[in-house]
Structures are given as C-alpha cells and as structure tokens.
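Let's take a walk through this model together. Keep the structure open while you read.

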Amino acid sequence: METVTQDLIQNTVEIVDTAHSYRLQLSQLLDTLTELEDQVCSSGSRAVKMLTAHFAGLKAAVCEALDARLHQLVEEIECMKETALTPLHECRALIGKSVETASQVMEEGRTIMAADPESNLDRILKFRDNPMTKSLASVPELPSPSEVAYFTIETNPDLREQLRELIAEEGKVMSHPPVQILHADEKPGGVQVHWSETEEDSDLTEFMLQYARGKPASNDDSRLLFHTAYEGPSTSFTVRNLRTNTPYSFRVRGRVDRNSAWSPWSLPLVKSTSIPHHQWSDAGEEYSLSNEGRTATRTGEGLTCVLYSATNSYAAGDALNLHILDSADVSPGDGLAIVCNNCDDNSCNRPGAIFVNTYGNVFVDGQEMKTKLPPIRKGTTLTFQTEMLPNGKVRVSVQVDDKEVTLDWKVSSQAGVNVGLMQNESVPSFFFALRFAQEHWKIGVE
C-alpha cells in the first residue's frame, strides 16, 4: 500500500512539473503572439502614415503642376495678345495721323475760302498740290477679322476622368512583401541568408540584399546604416566579415528588371554568427599572420612546411575563397588545398586532399586530373565550392579566374574526415591548407 501511495505522489509531482512546463510554453507563445499582434498593428499604422504622406505629396505636386501650367498658358495668351495688337496699334496710329492731316487740310481750305478765293489762285494751286491734300486719297487698310487673333482654348475633356482612373490605381496595400527572408544560417565569420518570393506567379528576376549592425524598429529605421551586400538573380547569399555574437539585421527586395522599380523591403531578420571567421593556424617562424589570422605570408625563416587552417571550419555546401595577395618564385609541391585532416606537415598532395599547385594542375587524393586550371599568381582567386550528394560523395568545383573544374569526391572515413561542424551533424568539414617554399607568398582566406 505504501508503494502505491509513493507512486501516486510521484505521478502527481510529474503532472505538476508537466503543467508548469506547459504553462511556461504557453506563456512564451503568448509573448510571441503579442509581438505578432504588435507587428500587425505597428506596420499597419506605419503604412497609413506612409500613404498619408505620399498622397499629401502627390496632392501638393499636382496642385503645383496645375498652377505652373495655368501660369504658362496665361503667359502664352499675354504674349500672343501683344504680338497680335502690335500691328493694330500701328494702324491706329496711322489713322490718327491721317485724321490730323485731314483736319489741317480742312482748316486750311476754310481759311482760303473765307479770304476771297478768286483773288488767291496761287494759294489755291499750292493747296491743291500740297502732299497733305494728295494723301487724302489714301485710306489705311484694316485687316479682316479672320486675320486678327481670336483667342480660344482647347482642353482635354477626358483629363479629369483619366486623372481619377490614374489616381484610383495609385498605391497597393500588401499584407506581405513580395520577397521574404526564409532563414539565415551561421557561417564562419558570416551569415548565409536565404529568401523567396511570396507569390508563385511573381516575375521578379533581380534581388537586393542589405544588412546593418543592430536591431531595427522597422524597415525605415533611420538609426541603422544599411549596406548593400548583394544584387543579382540568386535567392541566397553569404554576408562575410561579420563580428561574432553581434546581431545584424538583414532585408531583401526585388524587381522585374533594371527598368522597373524595386519592391518594398522584406520584414527584417535579425541574426548573428557564433562561428569565428576562417583563419590560419599559429604559423611559427615559417609564416607570419595578419588581418586577424586571415592572411598568411611566407617568411624567409624555417623549413618548407604545410600551413593549415586553425580548425576544420570549411563545411561542405559552402564556398571558400583563397586570394593570392602576393607571389614569388615557385617550387615543386607549392599550392593550395582542402584536406580532410591536418596530419601531414610536408605535403598537400596526398590522399584525403584536393590540391591545386601553382601551375594549375589539380590533384584528387594524390592523383592528377586531366583538366588543368590557369596558373596561380598574384591577383588570382582560387575558389572551392562543395555540395553534398545523395550517394555520400562531395561534389567539388574548383575555380581559378574564369575556368572551373568539377569532380565528385569520395570522402572516406579512413582519410580522417571531420563531421559535425555547426548544427548539421551529417555535413563533413575540412581544413584548408597551403604550402610555399619561397618567401613573400601572401594568401588571404575568405
């Protein structure tokens, strides 16, 4: 009986603990629900403010444009009036002068007639031959009404309706942006951001990814300085050279083509990485490190040996860029590689390694491939891009300049493959390595 009682008590305690955990989960859900409700309300309020400001600006712009057009048309009328009135004014002046001449002739004629004209024939002859008297036969000619300006106006009777229709189509309210960030994955010294279009029939072909340090209050938060990390057709991109354990905000938008406008920004996603950036191991006297361990320079000291990365930080499914910042004379066995382990200090060209020498020869597990890449020299970038295949192999693309070699690599357990980098326990991870005998070779990793 006592055992049964203890079991019941223990069962009760477990139920209470379960109820406590359940209530805690519900409390967390309520907090998240509150955040989602706030997202709806705050974004709705911001949208209303943005629309109000936009249409107020449109109204002001339309009124300004209408006033400017009216002023222009009135000025045109005034200019045309002045042009049309000028010859009429000249004609008026001519008629006025002719009226004055006629008055003078009349006055002189009355004077002659009043002073015994029969005894003043000479004066009459002079009066008859006077140019002013002869000018009475010429009457100024006025233009016909059809030749004189008669102002009318012509307006578009459909403009009001067209404006109404145009304004009726202005603005679009969306409950979700046309592009949304799906998720972001931690990478060494960076974050890989993935996004997608929210509508299946969307025809966006170009995207822009931006990031900023910190957490924004909204997409238009002016406190954050966003930088453009990527612009192109891809739907994922790795933003590198980020500080570890530091929150960064990411946002994306899209457009149909270069001649169209960008869509609104997606909802910001805040993400950080806890994985340090790729870096070389402690070099000893053979190599010197700089740029927080990301750049290795061959010194003139010590014997020729292989320099490995600090950890097996390069995971399959990512890209690794090795930049040749400076070069020197070449020696046999010089080159760059990704390797399964860091057990060999003498050579990169061995089993469990993909090695590219300075001449551009590619070796897989010590065997040379037929395809050759351009030689490695100053300014070269050697890129390893890997992808896990369903059959367990790793597809590796090795690129130098504009030439690329792709191969399927069977990574065996005997080669000492390291797995379990980051959150994915099934993804193999590799060391990267270099070997140069001559001093002044300088290699940067990204």
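What follows goes from a helical surface to the strands.

A quick word on ground rules: this is a predicted model, where local features need pLDDT of at least 70 and side-chain atom pairs count only at pLDDT 80 or more, while totals for chains, interfaces and linings use all residues. Residues are numbered from 1 along each chain as its sequence is written, and side-chain values use heavy atoms, with hydrogens and water left out.

Start at Pro157, in the loop between α3 (131-134) and α4 (159-168). Helices here are DSSP runs of H or I with at least four residues, and strands are E runs of at least two, numbered from the N terminus. At 72% relative accessibility, Pro157 counts as exposed (exposed is over 50% relative accessible area, buried under 20%, partly exposed in between, with a 1.4 Å probe and protein chains only). For a sense of scale, Pro157 and Pro332 sit 85 Å apart, C-alpha to C-alpha, with a sequence separation of 175 residues.

Next look at Leu159, in helix α4. Its relative accessible area is 40%, so Leu159 is partly exposed. Leu159 also belongs to a nonpolar surface patch, along with Leu51, Phe55, Leu58, Leu163, Leu166, Ile167 and Val173. Together they have about 700 Å² of accessible area (Shrake-Rupley method, 1.4 Å probe, only the protein chains shown counting as cover for residues). Helices α1 (2-114) and α4 each supply at least two residues of this patch, and α4 gives the largest share, four.

Now for the strands. In general, strands of a sheet pair through backbone hydrogen bonds, either parallel or antiparallel. Two strands count as paired if DSSP finds at least two bridges between them. One open sheet has seven strands in the order β8-β9-β22-β12-β17-β18-β19, with antiparallel pairing. Its edge strands are β8 (287-290) and β19 (403-409), each pairing on one side only. Within the sheet, three bridges link β9 (295-298) to β22 (442-445), and Thr295 has Gly444 as its bridge partner.

Finally, find β15 (361-364). Asn361 and Phe363 point one way and Val362 and Val364 the other, and all are buried. What does β15 form with β14? The two make a hairpin with three residues between them, and Gly360 in the turn has a positive phi of about 95°. Ile354 has Val364 as its bridge partner in β15. A hairpin with two residues in between also joins β15 and β16, and there Asp365 has a positive phi of about 55°. Across from Phe363, in β16, stands Glu368.

Definitions and conventions
Patches are made of residues with over 30% relative accessible area and no salt bridge: like charges are joined within 9 Å, nonpolar side chains (Val, Leu, Ile, Met, Phe, Trp, Tyr) within 5 Å. A salt bridge is a side-chain nitrogen of Lys or Arg within 4 Å of a carboxyl oxygen of Asp or Glu.
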